[in-house]
Amino acid sequence: MPETGARLRRWGRRGAHSVLGGMAAIGLAFTNLPLLTASVVALALTPVPFLGLALVPWTMTLVRKRADLERRRASRTGVLVTRPYHPPPERAMADGWQRFRWTVTDPATWRDLAWLLPGAIVGFTLGTIAVVVPLYGLAGLTLTPLWIWLTTGWYHYGAIWSIDTAPAGLLCLPQGAVILAVGLWAAPWLRRVDALFARLFLAPTRAAELRLRVTQLTLTRADTVDAQAAELRRIERDLHDGVQARLVSLSMIIGLADELIDRNPAEAHKLLAEARESSGTALVELRHLVRGIHPPVLAERGLGGAVRALALSLPVPITVDIDLPGRPNTPVESAAYFAVAEALTNMIRHSRAHSGSVSVRHADSALTMVVTDDGAGGADPAAGTGLRGIERRLAAFDGTMALSSPPGGPTVITMEIPCALSSPRTMPSSETD
């Protein structure tokens, strides 16, 4: 019963949010016509010297802002609409002609304009239905009791239902409840239909998708090269400042011991003991360095075993849930492990969390990792390099990261990498550490 009640509350909230979205669609529909009119006027004034060069980019900027707003609203319904525009030229802000040419030669500009009128009609129509039906049902649940309480006059509920007696008013209540339930159920679907219609115009074409894909690959390749260069510098620095320095010191100690072995054996033995201790420290540092490149536990036990071992080493309890029917290839496995490790490190350093959880699953040809903590929240990728590093690491494999961290918590980091698995699972599916 509590679970049923929770589902009903979620269903009601979803329907109410969709009704509010329908109200927003009605209001936004009225902005499309002025934008279309302003764009047509600006294009008609293009032959006028200087005036067209200034007006067209300005009006198209407003149109793009309106289209971007519609894309964001579509994403809230689960319909992803990618931004399709060409990147601006370097001199766009300084050269009016370059900005004008960049605007009018972009096919997405004309698709935005083509969407304004039909988008307004569809958005207004579906928004009106999404709002009117639940309100009509709500009226049956509120106006009728009010009428019975006042017991004055009569009114119509529906096209032919006149309410002039209390029994007739009571019969109106179940009708209002049914209509309200149907309206709340239909409102999310109406919003989704509106989003799908907008995607027909506002999503990138196949050519634009290919261009965006090339741009994304260029950026991720540059990020990957930078990340690899930074990693190499880190390894070189750790070797130079740590292991190399200890090995040089070890060589000097052994040389001194060799000189003293005949003249002062006791002092030579002390130096050899010191050399033995220094060699052990250098070996520990080498092991740490190797773990930072590719942990042996990752190679031996796979991603699930490595994540469990990592969780056991942390000072707060971490619940680990692994469901991997195989292993991803080595580069993806390494990237996934270090992404989880970085997320857990950020949790320990900044979140003030008392507990956390890690979930690793493979479904729909994608590896999904979710790191959650009960800390203070407020995580921001722009505030440091940790989350940005995770994004760059995942982007090299077409992976993504989504962050939810409201003030007060909880913080949820969802990371996904498209990949296939190989070799059967040998580890248990879940455990609590």
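## Close-ups of a predicted chain

**Figure 1. The whole chain, before zooming in.** The chain exposes about 24,700 Å², and carbon and sulfur atoms supply 64% of that area. Keep in mind that this is a predicted model. Its secondary structure comes to 10 helices and eight strands. Of the 433 residues, 35% count as buried. If you take the contacts with a separation of 6 or more, 69% of them come from residues 24 or more positions apart.

**Figure 2. Strand 7 and its two faces.** Side chains alternate along strand 7, residues 411-418. Thr-411, Ile-413, Met-415 and Ile-417 point to one face and are buried. Val-412, Thr-414, Glu-416 and Pro-418 point to the other face and are not buried.

**Figure 3. The strands that pair with strand 7.** Strand 5 (residues 366-373) pairs with strand 7 in the antiparallel sense, over eight bridges. Look for Leu-367 here: its bridge partner in strand 7 is Ile-417. Strand 6 (residues 400-404) also runs antiparallel to strand 7, and five bridges join the two. In that pairing, Thr-400 has Glu-416 as its bridge partner in strand 7. The hairpin of strand 6 and strand 7 has six residues between the strands, and Gly-408 takes a positive phi near 95° in it.

**Figure 4. The largest nonpolar core, with Met-415 in view.** This core has 36 residues, and those with the most contacts inside it are Leu-303, Ile-318, Leu-344 and Met-415. The elements that give it two or more residues are helix 8 (296-312), strand 3 (318-323), helix 9, strand 4, strand 5, helix 10 (386-395) and strand 7. Helix 9 gives the most, with 10 residues. Setting aside neighbours within four places in sequence, Met-415 is in contact with a list of residues that includes Ala-339, Val-340 and Ala-343. Among the other contacts of Met-415 are Leu-367, Met-369, Val-371, Ile-390 and Leu-394. Thr-400 and Met-401 are also in contact with Met-415. Apart from this core lies another one, of 19 residues, among them Val-63, Val-79, Tyr-85 and Leu-116.

**Figure 5. A nonpolar patch on the surface.** Leu-20, Met-23, Leu-135, Leu-138 and Leu-141 make a nonpolar surface patch of about 410 Å². Helix 1 (2-44) and helix 4 (107-150) are the elements that give two or more residues to the patch. Helix 4 gives the most, with three residues. One patch residue to pick out is Leu-138, which lies in helix 4. Leu-138 counts as partly exposed because its relative accessibility is 39%, and partly exposed covers the range between 20% and 50%.

**Figure 6. Arg-352, a non-glycine with a positive phi.** Arg-352 has a positive phi of about 55° although it is not a glycine. You'll find Arg-352 in the loop between helix 9 (330-351) and strand 4 (356-363). Its relative accessibility is 64%, so Arg-352 counts as exposed.

**Figure 7. Asp-374 and the residues it touches.** Asp-374 is found in the loop between strand 5 and helix 10. Not counting residues up to four places away in sequence, Asp-374 touches Ala-353, His-354 and Ser-355. Met-347 is 27 residues from Asp-374 along the chain, and their C-alpha atoms are separated by 9.4 Å. Asp-374 has 38% relative accessibility, so it counts as partly exposed.

Technical notes:
Residues are numbered from 1 along each chain as its sequence is written. This is a predicted model: local features need pLDDT of at least 70, side-chain atom pairs count only at pLDDT 80 or more; totals for chains, interfaces and linings use all residues. Side-chain values use heavy atoms; hydrogens and water are left out. Buried means under 20% relative accessible area, exposed over 50%, partly exposed in between (1.4 Å probe, protein chains only). Helices (H or I, at least four residues) and strands (E, at least two) are DSSP runs, numbered from the N terminus. Two strands pair if DSSP finds at least two bridges between them. Patches are made of residues with over 30% relative accessible area and no salt bridge: like charges are joined within 9 Å, nonpolar side chains (Val, Leu, Ile, Met, Phe, Trp, Tyr) within 5 Å. Accessible areas come from the Shrake-Rupley method with a 1.4 Å probe; for residues, only the protein chains shown count as cover. A salt bridge is a side-chain nitrogen of Lys or Arg within 4 Å of a carboxyl oxygen of Asp or Glu. A nonpolar core is a set of buried Ala, Val, Leu, Ile, Met, Phe, Trp, Tyr and Cys residues joined through side-chain atoms within 4.5 Å. Contact means heavy atoms within 4.5 Å.
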